[in-house]
Amino acid sequence: MSPQQEIEMILARQLASYLVMPIFVVDPEGILVFYNEPAEPILGRRFEETGAMPMREWSTIFEPTDEAGVPIAPKELALAIALAEQRPAHRAFWIRGLDNVHRHIEATCLPLMGQAQRFLGAIAIFWEVEG
Amino acid sequence: MMHVTLWGTRGSLATPGPETARYGGNTSCVEVQGADGTVVILDAGTGVRRLGMALPRTLRRVDILLTHLHLDHLQGLGFFAPLYNPAMEVHIWGPASTTLSLQARLTRYMSPPLFPVRLREFPCTLHLHEVPRQAMAIGALTVTAGFVCHPGPTVGYRIAAAGTVLTYIPDHEPALGVPRFPGRREWTSGAMLAADADLLIHDAQYSAEEYPQHIGWGHSALPHTLAFATLTGVKHLVPFHHDPAHSDADLDRLMTQAIHVAEPAFAVTPGTEGATFDLRAPMAHGGAEGRR
């Protein structure tokens, strides 16, 4: 039997599944344990198809670049910073999803700290920049 | 071996009266006795008053495990006789909040004007403990607490002894926000606590028809309870924490209907005040046997 996720992660997933902003939920190891339907265009695949994904996979699949088109290293992504340093992080970048659309994105990422200072993972909320 | 007695089965508010006499009107309280005489009490609803008077006079230590601090799980505490016995050692376990200790939270109720006696004034030797994240031993019982889906910090308990497991989750809404409940175990609140338990005592406050008006209130509809028990592979289910609005006749009807629809592969014994269950290792005696 799969171990049960922590209750805070379950609640984060439930909340994400009701929101229209694209959201990633990752565990302390950076495994993408859930992304909601609005996040599917970013990865170009449905969560039901992919299941959980390790960071090395999700962090490169959407080809993040800076404004000059220079690829962003996985560890420089805001979500990776939120995980590694257990602090909020925010960054704007460009992605090309599997639908081949070039998007200007901002990501706001928060570490998830449970009771007794348990580090549970992080969430990333994505915003598509208009214009 | 564990001997389990239900002293309070009602949810939310004590509901005495002739129409609730059989299922019971006292709020949540369950006694668990281990083979070595260890006594653990699950929640201190109004049922704990009678339990306090029924404990063996030779008992010198009792542990109260609170799932959370909603009043229906706490209201009997000040009337628990061992608290007034200088020879008794009483240990109270429960969850802290994100900002307040268990002691600070308990003191809000156990102090004037809500209650005349302060925590520090009880004559017994009183110890307060915030529930640990890891399993702990209380006599012959191994207790594991886990947070579950209910408003405010709330835990359920998994108690193991000599190859048998009791799980107690009296306030629980695992179906909250799940479009087609149940989903996978991995993403179901309380699943690890209840996994393969010999006896599961679980919230069943609402009927299927009532639940849509109470989404987010932290409780289960009876069909959810049956589905949760199926998902987690329990061997015997005790629906518990009955809604104050449900009479004995209502509960008889709701239980019969829900069990008929779900056709569970495990035993279901509706929680009635005074019911007892003996949990013995399957090899020896065949698991949980209920008596009403």
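B:Ala137 sits across from B:Thr142, a residue of strand 8 of chain B. Strand 7 (136–138) of chain B and strand 8 of chain B run antiparallel and are held by three bridges; strands count as paired when DSSP finds at least two bridges between them. Helices and strands here are DSSP runs numbered from the N terminus, with helices (H or I) of at least four residues and strands (E) of at least two.

This is a predicted model, in which local features need pLDDT of at least 70 and side-chain atom pairs count only at pLDDT 80 or more, while totals for chains, interfaces and linings use all residues. Residues are numbered from 1 along each chain as its sequence is written, and chains are lettered from A and ligands numbered from 1 in the order in which they are written.

**The sheet in chain B**

Strands 7 and 8 belong to an open, mixed sheet of seven strands, ordered 7-8-9-10-11-12-13 in chain B. Strand 7 and strand 13 (267–268) of chain B are the edges, each pairing on one side only.

Here is how some of the neighbours pair up:

| Strands of chain B | Sense | Bridges |
|---|---|---|
| strand 7 and strand 8 | antiparallel | three bridges |
| strand 9 (155–161) and strand 10 | antiparallel | five bridges |
| strand 10 and strand 11 (199–203) | parallel | four bridges |

Strand 10 of chain B is worth a look: six of its six residues (164–169) are buried, so it is largely enclosed by the rest of the structure. Buried means 20 or more other C-beta atoms within 10 Å of the residue's own, exposed means 12 or fewer, and partly exposed is in between, with C-beta atoms placed from the backbone. In a regular strand, side chains alternate between the two faces of the sheet. In strand 10 of chain B, B:Thr164, B:Leu166 and B:Tyr168 are buried on one side, and B:Val165, B:Thr167 and B:Ile169 on the other. B:Leu166 is the bridge partner of B:Ile159, while B:Thr167 is matched with B:Leu200 in strand 11 of chain B. The hairpin of strands 9 and 10 of chain B has two residues between the strands, and B:Ala162 in it takes a positive phi near 50 degrees.

**A buried loop residue**

B:Val131 lies in the loop between strand 6 (125–130) and strand 7 of chain B. It counts as buried because 22 C-beta neighbours fall inside 10 Å. Leaving out residues up to four places away in sequence, B:Val131 touches B:Trp93, B:Gly94, B:Pro95, B:Ala145 and B:Val155; contact means C-beta atoms, placed from the backbone, within 7 Å.

**Helix 5 of chain B**

Helix 5 (248–262) of chain B has 15 residues and spans 21 Å from first C-alpha to last, close to the 21 Å expected at 1.5 Å a residue (1.5 Å times one less than the number of residues). Its buried residues are B:Leu251, B:Leu254, B:Met255 and B:Ala258. They cover an arc of only 100 degrees around the axis, so they lie on the same side of the helix; the arc is taken from the directions from the helix axis to the C-beta atoms. They pack against helix 4 (222–232) and strand 12 (236–240) of chain B. Exposed B:Ala249, B:Thr256 and B:His260 are on the face turned away from that buried side. B:Glu263 follows helix 5 of chain B with a positive phi near 45 degrees.

**Where the chains meet**

In all, 17 residues of chain B are in contact with 14 residues of chain A.

How values were computed: Contact = placed C-beta atoms within 7 Å.
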